[in-house]
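Me: I'd like a close look at one part of this model, the place where the two chains meet. Could you walk me through it, and then show me a few residues in detail?

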2 protein chains.
Amino acid sequence: MARRSDHSREQLAKMAIEAAAALAARDGLRSITARGVARDIGYTVGTLYNVFDNLDDLVRHMNAATMDALYAHVTAAPIEADPEKALRGLARRYLAFVSAQPRLWSAVIEFEPQDGAPAPDWYRHKAQRLVQLGEDAIADLFSPREAAARRRNAFVLWSALYGLTALAQTTNLAEGDPPTALIDTLVSTYIAGLKAR
Amino acid sequence: MARRSDHSREQLAKMAIEAAAALAARDGLRSITARGVARDIGYTVGTLYNVFDNLDDLVRHMNAATMDALYAHVTAAPIEADPEKALRGLARRYLAFVSAQPRLWSAVIEFEPQDGAPAPDWYRHKAQRLVQLGEDAIADLFSPREAAARRRNAFVLWSALYGLTALAQTTNLAEGDPPTALIDTLVSTYIAGLKAR
DNA sequence: GTGCATCAATGAACGATGTTCAATATGCTT
DNA sequence: AAGCATATTGAACATCGTTCATTGATGCAC
């Protein structure tokens with residue numbers, strides 16, 4: 001029983017993350033429990049705490065995996081040269097991913113660790129990579145001397161996309177318009193605004 | 001035992017909501033517990049369940065109160081006629097409120113009821129009122145025949161603001177820029193984009 | 001092969017959680 | 001004064017996150 005070494009520490013972590021993601025995808029972030037995850041991977045609670053500091057740690061790793069999957073999905077297609085086309089493509093693929101895995105993405109949005117500690121660098125980097133994609137897409141609209149403005153606008157765009165997907169999922173405020181139309185409106189209008197600077 | 005007419009049902013609800021808000025403001029959404037709220041208002045758990053269906057119900061009412069407070073704060077100042085000035089004013093007051101009560105606003109963002117039931121109409125209306133403010137602000141940029149576009153853009157703007165405040169609070173992705181600069185960038189650029197239609 | 005030290009895995013135990021509901025205390029009516 | 005209606009209670013239940021002494025499988029020394 002003890003010391004099975006059926007799986008390495010890394011394998012255990014991966015299995016637990018996938019089991020947690022399956023639970024979250026089905027019934028939401030709050031349905032993730034230590035005992036539930038342990039049961040689903042064929043181990044007991046104690047083992048989970050050998051691999052992760054606590055449940056929040058596991059959830060963070062789960063969310064990191066979701067962000068990795070999002071990044072992979074968004075970069076699967078080539079990125080066009082024209083800023084507006086590039087951005088629209090990124091945004092639509094982003095939306096497609098979120099729509100396909102709504103509860104998984106909700107888990108990323110909802111999650112707030114019990115201790116108010118800020119997210120570790122390795123986690124923040126996952127988000128930064130996504131912002132960077134947007135920054136690259138709009139790079140042609142800025143001169144090399146405007147690096148700060150380029151970065152700021154990329155962050156604003158990413159935040160706007162984030163908010164749009166967050167609200168388009170849950171609320172029903174924009175009844176007439178499909179999410180794609182909202183995304184396109186955002187990208188077109190914002191890019192037009194950038195060009196008009 | 002507390003005398004049964006010390007407080008009306010409405011008073012009890014108000015006290016519980018305020019107690020929950022105090023807990024959330026100090027230690028976050030997850031620090032709200034039935035026993036904790038009950039203790040703080042001088043009653044026991046059972047009484048809480050006479051007033052609210054369950055904890056999620058209480059949290060929803062707490063978030064509704066937060067949105068009411070936000071609406072009151074945002075509309076406390078007169079709204080200017082010029083779309084950009086009006087929108088910038090709304091956005092800045094929005095940001096001021098969120099910055100002053102970060103954990104309370106986080107509770108609005110993070111909250112997802114256990115049962116995946118959609119938010120009731122009376123709750124969604126609270127958000128809709130805020131979107132309406134934005135729609136009124138940009139009304140002059142649209143002809144009467146473009147009601148759909150006006151509504152869509154108001155929703156996009158609100159979502160963008162929402163995302164910006166959500167991310168500006170937690171992440172540290174935009175290190176150089178204060179939140180106000182991000183808000184102004186968003187408003188200016190988007191309004192410029194609308195004018196360039 | 002044998003023995004043993006190591007340590008991954010266990011699962012009982014703890015305090016706290018959300019929620020229920022029979023029992024009870026209280027105010028109002030008659 | 002008696003009785004009714006009901007607001008309030010708090011014990012009880014299942015489940016939660018987390019800890020840690022115990023256990024037994026494993027790899028290594030010999």
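Reply: Sure, let's start with the meeting place itself. Putting chain A and chain B together buries about 3900 Å², and carbon and sulfur atoms give 63% of that area. Keep in mind as we go that this is a predicted model.

Who takes part? On one side there are 44 residues of chain A, in contact with 43 residues of chain B. Between the two chains the count is four salt bridges. One salt bridge joins the side chains of A:Arg30 and B:Asp56, with 3.1 Å from N to O. Polar contacts turn up here too: seven residue pairs across the interface of chain A and chain B, with both partners at pLDDT 80 or more.

Now look at the side of chain A that touches chain B. The elements giving two or more residues to it are helix H6 (102-110), helix H7 (121-137), helix H8 (147-170) and helix H9 (179-195) of chain A. H8(A) gives the most, with 15 residues. Sort the residues on this side by kind and you get 22 nonpolar, 13 polar and nine charged.

Next, the nonpolar core. The largest one has 85 residues, and those with the most contacts inside it are Leu87, Tyr94 and Trp105 of chain A, along with B:Leu87, B:Tyr94 and B:Trp105.

Let's zoom in on B:Leu87, which sits in helix H5 (residues 83-100) of chain B. Its relative accessible area is 6%, so B:Leu87 is buried, the cut-off being under 20%. Beyond its neighbours within four places in sequence, B:Leu87 is in contact with B:Gly134, B:Ala137, B:Ile138, B:Leu157, B:Val187 and B:Ile191. Take B:Leu157 from that list: B:Leu87 and B:Leu157 are 70 residues apart in sequence, yet their C-alpha atoms are 9.4 Å apart in space.

B:Tyr94 is another one to click on. Leaving out residues up to four places away in sequence, B:Tyr94 touches B:Leu70, B:Val74, B:Trp105, B:Trp158, B:Leu161, B:Tyr162 and B:Thr165.

Finally, here's a charged residue to look at. A:Asp184 lies in helix H9 of chain A, one of the helices on the side that touches chain B. A:Asp184 counts as buried because its relative accessibility is 15%. Not counting residues up to four places away in sequence, A:Asp184 touches A:Arg88 and A:Arg92. With A:Arg92 there is a polar contact between the two side chains, at 2.4 Å.

Key
Residues are numbered from 1 along each chain as its sequence is written. Chains are lettered from A and ligands numbered from 1 in the order in which they are written. Side-chain values use heavy atoms; hydrogens and water are left out. Contact means heavy atoms within 4.5 Å. Buried area is the accessible area (1.4 Å probe) that two parts lose on being put together, summed over both. A polar contact is a pair of N or O atoms within 3.5 Å; within protein, one must be able to donate a hydrogen and the other to accept it, and residues adjacent in sequence count only if both atoms are side-chain atoms. Helices (H or I, at least four residues) and strands (E, at least two) are DSSP runs, numbered from the N terminus. Ala, Val, Leu, Ile, Met, Phe, Trp, Tyr, Cys and Pro count as nonpolar, Asp, Glu, Lys and Arg as charged, and the others, Gly among them, as polar. A nonpolar core is a set of buried Ala, Val, Leu, Ile, Met, Phe, Trp, Tyr and Cys residues joined through side-chain atoms within 4.5 Å. Buried means under 20% relative accessible area, exposed over 50%, partly exposed in between (1.4 Å probe, protein chains only).
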